[in-house]
Amino acid sequence: MELLNLSGKLAVATQPESVHPQIQFILGGKTIVVDDVAPTRSVLEHLRESLGRPGSKEGCAEGDCGACTVVVGELCDGRVKLKTVNSCIQFLPTLDGKALYTVEDLRQPDGSLHPVQQAMVDCHGSQCGFCTPGFVMSLWSVYLAHVGSTASEAEIRSALTGNLCRCTGYRPIIVAGAKMFDLPGVEFDHAGLKQSLQAISRTSSLAIEHKGRRFFSPKTLAELLKLRAAYPKATILAGSTDVGLWVNKQFRDLGDIIFVGEVAELKATIASASTLTIGAAVSLTEAYVALKDIYPQMNEMWERFASVPIRNAGTLGGNVANGSPIGDSMPALIALGATVTLASIDGSRTLPLEELYLAYMKNAIAPNEVLVAIDIPLPASALQFRNYKVSKRFDSDISAVCAAFSIQIEGGRIANARVAFGGMAATSKRATTTEAALNGQPWTESSARAAMAALATDYAPLSDMRASSAYRLSTAQNLLYRFYLETRELDPLPSSSASVFA
Amino acid sequence: MSVHPHESAHLHVSGEATYIDDIPELRGTLYAALGLSNRAHARVTFVDLSVVRAAPGVVAVLTARDIPGRNDCGPILHDDPILADGLVQYVGQPIFAVIAESVAAARKAARLGKIEYADLPPVLSTQAAKEQQSFVLPPIHRVRGEPAAALAASPRRLKGTFSVGGQEQFYLEGQISYAEPKENGGMHVWCSTQHPTEMQHMVAHALNLHSNQVQVEVRRMGGGFGGKESQSALFACVAAVAARHLNRPVKLRLDRDDDMMITGKRHCFVYEYDVGFDADGLICAVKIEMVMRAGFSADLSGPVAARALCHIDNAYYLSDVDVGVMAGKTNTQSNTAFRGFGGPQGAIAMENIVDSIAREVNKDPLDVRKLNFYGNANWQPERNTTHYDMTVEDNVIHELVAELEVSSDYRRRREAVRTFNETSPVLKKGLALTPVKFGISFNMVHYNQAGALVHVYTDGSVLVNHGGTEMGQGLNTKVAQVVAAELGISLQHVRCTATDTSKVANTSATEASTGSDLNGKAGQDAARQIKLRLADLAGTFFGVDSADVLFADDKVSANCQSITFPELVMRAYHARIQLWSDGFYATPKLHWDRNTLTGRPFFYFAYGAAVSEVVVDTLTGEWKHLRADLLHDAGNSINPAIDIGQVEGAFIQGAGWLTTEELWWNAEGKLMTHAPSTYKIPAVNDCPPDFRTALYQNANVEDTVLRSKAVGEPPLLLAFSVFFAIRDAIGSVADYRINPPLNAPATGESIMRAVDAVRTAARI
C-alpha cells in the first residue's frame with residue numbers, strides 16, 4: 001500500500017479551518033456565493049428555484065434520465081477538466097471551487113445558437129424538447145473534448161447513454177452529434193476558466209453548517225481520518241450517485257456529511273510493477289481509463305456501467321464501499337484478487353475485497369474507518385479472464401446477473417480459479433464450489449459442464465423485477481459456458497461470436 | 001409541402017421553451033404532494049393525518065371530504081375518485097393531498113400518514129380477472145360470416161395463446177398542474193394535458209362551477225403519448241381544489257415514482273386463438289378472444305377495446321371472424337390511452353397468428369403475409385371489407401410492401417441470415433418484414449370535430465389558435481404551415497399560441513393521431529374566410545374577379561399587379577373588413593354502431609411496413625437490433641422532417657414496448673418498476689446502427705388537409721418487425737420447424753424461455 005504512509009496515531013481531531021465558510025462556484029462568468037443552504041440541496045433545485053435557470057429539467061430525480069445534465073469544470077493537476085453530471089443528485093456544496101455550465105450558457109454573445117444547438121435544430125433532434133437541454137449538454141461535452149477533430153459515432157453514442165428521449169428514437173440526435181463539427185467552430189476559453197477557478201480555489205478545507213447539519217470537505221487524508229474519528233456517524237459522500245437518491249427518494253436525514261471528493265490522496269491512481277492502486281475517490285470514468293489497457297476484457301462492462309454522467313460523478317470506492325449486491329465493479333475485482341485498504345487514525349489494514357462484505361448491505365468497515373484505495377493485481381501470465389453483464393437494456397441498466405471468471409492454465413490444468421457473481425446473492429460473492437470443481441481439471445467441455453452444475457449449489461438467487469431466480473441461475477451457468485467457449489484451448493470463439501454486443 | 005424545423009426547436013435547444021414548471025411563479029404559490037395507498041384492495045378503517053399536518057412547512061392536508069363538488073375524474077364512467085374515500089383499489093391510489101411551502105416539504109410529509117386498512121381480496125392479473133369474470137365494462141363481441149363452420153371446414157387448424165405486456169408512457173415531463181384562484185370563484189389551471197376541455201369539465205365538477213368559470217391552458221407538454229388525455233385530470237382537480245381551499249396558487253408536480261405508481265399505462269393483453277388455413281397459409285377463419293388489463297376503473301378502456309377489436313385484421317382480409325374483447329377489472333393502475341390505443345394490441349395478435357402459420361406451412365412469413373393481404377383493384381377486389389363491414393378503398397399495402405422488399409434487399413438478406421445461422425453456434429440472426437394498416441379517426445364519431453381562430457394583425461403578422469395541443473409532435477408547426485400556405489405568406493409570419501379553453505371551446509383530445517387532420521382543416525377554414533374577404537377587396541382595386549386574385553410569396557397579385565400582403569391587410573383594416581376568423585371542421589363520412597360494432601369508424605387508413613434484422617444470444621437471451629428499414633405512408637406529407645421524426649420515434653417506442661419495457665407487480669400488487677432505474681425505455685444504443693426511413697409517396701384519396709395522412713400512431717406498429725425478427729432468430733435453433741412460444745415483452749428472460757421451449761420441443 002504505497003498511497004498511505006500512516007505510521008503512528010494522528011492527533012485528536014479538530015474541526016478544519018475555513019477561510020470562507022460560504023460555497024463559491026463559477027456560473028455564467030460570475031462567482032456565485034451561497035450562504036446558509038441545506039447541505040443536501042441539489043444543484044438542480046438551486047438552478048431552477050434560486051438562480052432563475054429553468055433550462056435544466058427534473059425528469060426522474062435519480063440520475064437515470066439525463067434531463068438535468070449539466071457540465072462541471074474543475075482544476076485537476078493544474079489543468080481544466082470538464083465533465084457532465086446529473087444535477088438532480090449533486091449536492092450544492094460539492095460545487096465549491098468549481099465551475100457550472102447549464103444549457104443557458106451556450107448561446108453565443110451575439111445571441112446565435114452554439115453549433116451543438118444549431119445542429120440539433122438542423123437535424124430535427126428535438127420533438128417535445130423536455131429532454132433536449134440534457135442532450136445538448138452531453139453533446140457539448142463531446143464538442144469540448146475535440147479541438148480540431150471530430151467525434152466517432154461510438155463516442156457520440158457513449159456520451160448519450162445517460163440521456164433518455166421518448167420522442168425521436170435517437171437517430172437525429174446521433175446525426176446532430178456528427179453535424180455539429182461541420183458548423184463554424186466556437187472556441188472554449190480554457191485559460192480564462194483556469195484563472196477563474198484559481199481565483200476561488202481554497203487553501204483550506206470547507207466546513208459549513210446549516211440548521212445543525214454539518215458538511216465537511218477535507219483536502220487531505222489526515223484531515224479526513226480526523227473527521228471520521230470525530231464524526232463516526234456522519235454520512236460519507238463521494239459521487240452521490242446513490243446517496244442523492246437517499247435524499248430525493250427516501251427523504252433520509254443524512255446527518256453530518258463528510259465529502260471525500262476533494263481528498264488529494266483518494267484521487268490518485270498509482271501503478272507499480274505488480275499492482276494498480278486506485279484511490280477510493282477516483283471516478284469510475286478515470287478508473288476505466290486506468291484499467292482499459294490492462295484488462296480490456298472489462299471494456300464492455302465499463303460501457304454498460306451506468307452512464308457517462310454517472311461514471312463521471314460516481315467513484316470506484318463508492319461502488320465498492322456501498323456494497324450493493326448488484327454493484328457492477330465487484331465481481332471482476334474479486335475475480336482478479338483485488339484488495340481494499342481501510343484506514344483510520346489508528347492505522348490502516350488491507351482486506352481481500354470479498355471479505356469486505358458481511359451480509360446484505362453490511363460491511364467490515366469500522367465506524368472510524370474509511371475505504372481509501374483498491375489494489376488490483378496486474379495480469380498474471382496465462383490468465384484467462386472475462387467479465388460479463390446481463391440486463392434488460394444495454395445502456396445504463398442494473399445487472400440481472402454480473403459475472404467474472406478468472407483461471408490460469410498450468411500444465412494443462414486449471415489453477416487459481418476465481419469465480420464471482422453479482423445479482424446472485426445478498427452480496428457480490430465468490431462461487432467456491434464452482435471454483436473447486438474447476439481447480440485441477442483440464443479446461444474441457446466436461447469440466448465446464450461440471451462447474452455449471454456446481455453453480456447451482458453456490459447460489460440461490462432471488463426473483464424480482466429484473467429477473468426470476470431460475471433465469472438468473474441458468475444465465476449464470478450459461479455465462480460460465482460462454483467463458484469456456486471463449487477461452488478453451490481448441491478453437492476458442494472470438495467475443496464477436498459469443499456476445500451480440502462485442 | 002416542405003421541411004421546416006419544429007416551431008420551438010430553437011427554444012428546446014436553448015432551454016428557453018417554457019413548460020408548466022418553468023412559468024414564473026405567482027406570489028404565494030404553494031406546492032402539493034399526494035399520500036398513496038399501500039394496499040391493492042382494502043377498506044380504509046382509520047386515518048390519522050395529524051403527523052402530516054404537523055410536519056415542517058405543511059399548510060394544509062386535504063381528503064375526499066374537502067372536495068366541494070363531485071369526487072370523480074372518470075372520463076366516461078363515474079368510477080374514478082379524485083381521492084379515495086373509504087375504499088382503496090390499487091397500491092398507489094391517492095388518499096390525501098399535502099399542501100406545503102416547498103415541493104420537498106410536501107413530498108416528505110406525504111409519507112407520514114397513518115392509515116389502517118381492512119384488506120379485501122384483490123384481483124391482480126389479467127387471467128384472474130377473466131376467471132373471476134371481473135370486468136369494468138361488459139365484454140364486446142363481433143361475429144362476421146360463419147367462423148365456426150369455416151374453422152371446422154379448414155384444411156389446417158392452429159390453436160394457441162399469446163400475450164403482450166403493458167407500457168408506461170414515460171413522458172419526460174411528469175404530470176403537473178398549476179392552479180390559480182381567480183376573482184368571483186373562477187379558476188385558471190395550467191395543466192400538462194392533451195385534453196384541456198375535459199380538464200375544464202373535471203375541475204368545474206370538482207369545484208361545483210360552470211365551465212365558463214374555469215380556464216385551462218397549455219402551451220406545450222414534455223411528451224404525452226396518451227398518458228395525459230384523461231389521466232391529467234386527477235392532478236388538475238387536486239391543484240384546483242387546494243387552490244380554492246386556501247385561496248392561493250397551488251402547483252402539483254409529481255415525482256417520477258409517484259407518477260408511475262398512480263397513473264395508468266398501455267393495457268396488457270392475453271389472447272386465445274383458433275385459426276383455420278389452407279396448405280398455402282391462406283386464412284379460412286379465425287376466432288380470437290382478448291382479455292385486457294383495464295385496472296381498477298373503466299377510464300378509456302371501452303374505446304380502447306373497440307379499437308383493438310377493429311384492428312385485429314391489421315392488413316389482412318378475414319372472411320369469417322369471431323372476435324371478443326373483455327376489459328378485466330384488476331386492482332392495479334387504471335390503464336388508459338397510449339399511442340395506438342388498443343390498435344397495436346389488436347393487430348399484433350393477428351401478426352402472431354400469420355407468423356405462426358408460416359412455420360406450419362414451411363414458407364417465408366413474408367409470403368404468407370402477402371397471401372393474406374386485403375385485395376385491391378387489381379388483385380382479388382372482393383377481399384376488401386373489414387370484419388366491421390367497412391370497405392377498404394385506399395389499400396396500398398401491396399405496392400408499399402413490394403417497394404420495401406426491394407429497397408431493403410429482403411430476399412438476399414433472408415439467405416444471408418440462414419447462412420449465418422448454419423455456422424454460428426451461439427448467436428442467431430433473425431429477419432422480419434411486417435405490414436401496418438391503421439384506421440384514422442376517433443371511434444366516437446362526435447369527437448371528430450375541431451375549431452380554430454386566426455387573427456391577422458395590421459402589420460401582416462398572423463396568430464393562430466386551435467383546439468389541439470402540442471406535445472412534441474409538431475402540430476403547431478403543421479397548422480402554422482397550413483395557414484401560411486392558405487394565405488400565401490412565409491411561415492415566419494405565422495405563430496401558434498397556447499391551447500386555451502377560453503379561446504376555442506369544446507375541443508376534442510389531441511389523440512388518435514387526428515391532431516393535424518382536424519385542427520389543420522379548422523385553421524385552413526379560418527384562414528380561407530379571411531383570404532376570401534381580402535380577395536374581394538383586392539379584386540376591387542385590381543379590377544379582377546376575386547377568384548383570380550393570387551396569394552403567394554408574401555404577395556397578393558392579379559392582372560400583372562401586385563401588392564404585399566401587409567399592405568393589403570392595412571387597406572382591409574381601413575376598409576373596415578374583419579381580419580380575424582374562426583374556422584371549423586367535422587370529419588365527413590363517419591358512422592359507427594356501438595351495438596353491432598359495424599360501420600365506417602375511420603375516414604381512411606394509413607399504411608406502412610418495416611424490415612428489422614436482429615442478432616440473438618441463445619445463451620443469455622440478449623439481442624441487438626442490427627438494421628431497420630421503414631417505409632411509411634404519411635399521405636402528401638405536410639412536413640417530411642416532422643413526419644419522419646414521428647415514424648422513427650414511434651418505431652423505437654414500439655420496439656421498447658415489445659422488448660425492454662416490462663411492468664412488474666409483486667405478489668402484493670405493488671408495481672416494482674416505477675422509475676427509469678427499473679423500467680427500461682429504449683436508450684441511445686437501442687437505435688439500430690443502420691436505420692433507414694422513407695415516406696411512401698401516396699396522396700390521400702380522401703380530402704384531408706393538403707391530402708396528408710395522420711402519422712402519430714400508425715408507425716408504432718412498424719415495431720412488430722423487431723419482435724418477429726427476434727422470433728425468427730429463435731425459430732432458427734430448430735430449423736424453423738417449431739413456433740417459438742415468445743410473448744412480449746421479449747426480454748432476455750422471455751427470449752430464453754422461448755429458446756429453451758423450442759429446443760425441448762425439437763428433442764421430443
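What radius of gyration does chain A have, and what would a compact globule with 502 residues have? Chain A has 23 Å, and a compact globule with 502 residues would have a value near 23 Å, so the two agree. This is a predicted model.

**Chain A overall**

Chain A holds 16 helices and 20 strands. Its C-alpha trace spans about 70 × 60 × 40 Å along the principal axes. Of the 502 residues in chain A, 57% are buried. Among contacts in chain A with a separation of 6 or more, 69% join residues 24 or more positions apart.

**Two open sheets**

One open sheet lies in chain A, another in chain B. The table sets them out.

| Sheet | Strand order | Pairing | Average twist, strand to strand |
|---|---|---|---|
| 4 strands, chain A | β6-β7-β9-β8 | mixed | 15° |
| 4 strands, chain B | β19-β18-β17-β24 | mixed | 20° |

Take the chain A sheet. Its edges are β6 (206-210) and β8 (235-237) of chain A. Each has a single partner strand, so one side of each is left without a neighbour in the sheet. β6(A) pairs with β7 (residues 213-217) of chain A in the antiparallel sense, over 5 bridges. In this sheet, A207(A) stands opposite F216(A) in β7(A).

Now the chain B sheet. Here the edge strands are β19 (494-496) and β24 (580-586) of chain B, each pairing on one side only. Strand β18 (residues 462-466) of chain B runs parallel to β19(B), and 3 bridges join them. L463(B) stands opposite R495(B) in β19(B). A helix also packs here: α14 (residues 475-487) of chain B lies across β17 (449-456), β18 and β19 of chain B. Helix α14(B) runs at about 145° to β19(B).

**Where the chains meet**

How many residues of chain B are in contact with chain A? The count is 65 residues of chain B, in contact with 66 residues of chain A. On the chain B side, the elements that give two or more residues are α1 (9-14), α8 (256-262), β27 (604-617), β28 (623-632), α17 (640-658) and α19 (748-763) of chain B. The largest share comes from α17(B), with 7 residues. By residue type, the side of chain B that touches chain A divides into 28 nonpolar, 22 polar and 15 charged residues.

Note on methods: Residues numbered from 1 in each chain as written. Chains lettered and ligands numbered in written order. Predicted model: local features only at pLDDT ≥ 70, side-chain atom pairs only at ≥ 80, totals over all residues. Pairing = 2+ DSSP bridges. Helix = DSSP H or I, 4+ residues; strand = E, 2+ residues; numbered from the N terminus. Axes fitted to C-alpha atoms, helices over the stretch in contact; angles between N-to-C directions. Contact = placed C-beta atoms within 7 Å. Nonpolar A, V, L, I, M, F, W, Y, C, P; charged D, E, K, R; others polar. Rg over C-alpha atoms; globule rule 2.2 N^0.38 Å. Buried ≥ 20, exposed ≤ 12 C-beta atoms within 10 Å, placed from the backbone.
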